[in-house]
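These notebook entries record what I looked up about the strands and their packing. I began with one pair of strands and worked outward.

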Amino acid sequence: MRLKPLHFSALLVGLVMGLLFSVQFKLTRDIAQTQPVQRAKTMAGQLEQARSERDEWQKKVAGLRDELDHTLAPRALGDLQAELEKARILAGNTPVVGPGLEVRLSDSNLAVKPGENPNLYVLHDEDVLKVINELKAAGAEALAINEQRLTATSEIRCIGPTILTNKSQRLSPPFVIYAIGNPETMLSALNMRGGVVESLRFWGIQVSMHKLDRITIPALAGGF
């Protein structure tokens, strides 16, 4: 069967177009696999990642700016100053003045009965520590014993007939404790039935307490 000229022309055009498409596909594939194109794709991916990281950092910067604006506000600065002053008081870096309670502790003035342990009539470091802890629990803001400022790191330790505090300060009885805070609250805590003061007085340990309108507690000697 002989092809008509029109059919032959269409077949020829189809062959040529197929060949062109095949060559174009091969060229496109080869170009896509070349090093410059691969590098361009890699750089495009890195650019997209960098944009994403930039957006995240911009969010963080905006958050920090808002936090800074809040911190620099007058009210926030006042709160920070109050916290700083509180921290200085707790660390003993600054003297404290205010109303409070004076507590004096001395050994028992009772005669030791035959067969009794004489140590029961002597004031010990643990007795002093119980009084101090009771004052802290009652809201004492600042404490001192025999003019030595007490902080969270101050120890109360027995060294023979004396008490050691602040690593090197030896204190001898009578022990005078000053506590700044609500004097009524602290006095009630110490006088609580079955409390530390009642227990001490049972053995004749001398305890006297006085409310004072103004107490000055010095800063920690030598700093924190």
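Entry 1. I looked up the pairing of strand β2, residues 142–145, with strand β7, residues 175–180, in this predicted model. The two strands are antiparallel and are joined over four bridges. For Leu143, I found the bridge partner in β7 to be Ala179.

Entry 2. I then asked which helices pack on the sheet and which strands they touch. Helix α4, residues 125–137, touches β1 (96–106), β2, β3 and β7. The direction of α4 makes about 10° with that of β7. Helix α5, residues 183–190, also packs on the sheet and touches β1, β7 and β8. For α5, I noted an angle of about 20° with the direction of β1.

Entry 3. I traced the strand order of this sheet and read β3-β2-β7-β1-β8. The sheet is open, has five strands and is paired in the antiparallel sense. Its edges are β3 (148–150) and β8 (206–217), each of which pairs on one side only. Neighbouring strands are turned by 25° against each other on average, direction ignored.

Entry 4. I turned to the open sheet of three strands, whose order is β4-β5-β6 with antiparallel pairing. Strands β4 (157–159) and β6 (169–171) form its edges, each pairing on one side only. From one strand to the next, I noted an average twist of 40°.

Entry 5. I checked strand β5, residues 162–165, against each of its partners. Three bridges join β5 to β6, and three bridges join β4 to β5. In the pairing with β6, Thr165 stands opposite Gln169 and Ile163 stands opposite Leu171. Ile163 also stands opposite Cys158 of β4.

Entry 6. Are the residues on the two faces of β5 buried or exposed? I found Thr162 and Leu164 buried on one side, and Ile163 and Thr165 buried on the other. Both faces of β5 are therefore covered, with buried taken as under 20% relative accessible area.

Entry 7. Finally, I examined the hairpins on either side of β5. The hairpin of β4 and β5 has two residues between the strands, and Gly160 takes a positive phi near 65° there. The hairpin of β5 and β6 has three residues between the strands. In that hairpin, I noted a positive phi near 50° for Asn166.

Methods: Residues are numbered from 1 along each chain as its sequence is written. This is a predicted model: local features need pLDDT of at least 70, side-chain atom pairs count only at pLDDT 80 or more; totals for chains, interfaces and linings use all residues. Side-chain values use heavy atoms; hydrogens and water are left out. Two strands pair if DSSP finds at least two bridges between them. Axes are lines fitted to C-alpha atoms, for helices over the stretch in contact, and angles run from 0 to 180 degrees between N-to-C directions. Contact means heavy atoms within 4.5 Å. Buried means under 20% relative accessible area, exposed over 50%, partly exposed in between (1.4 Å probe, protein chains only).
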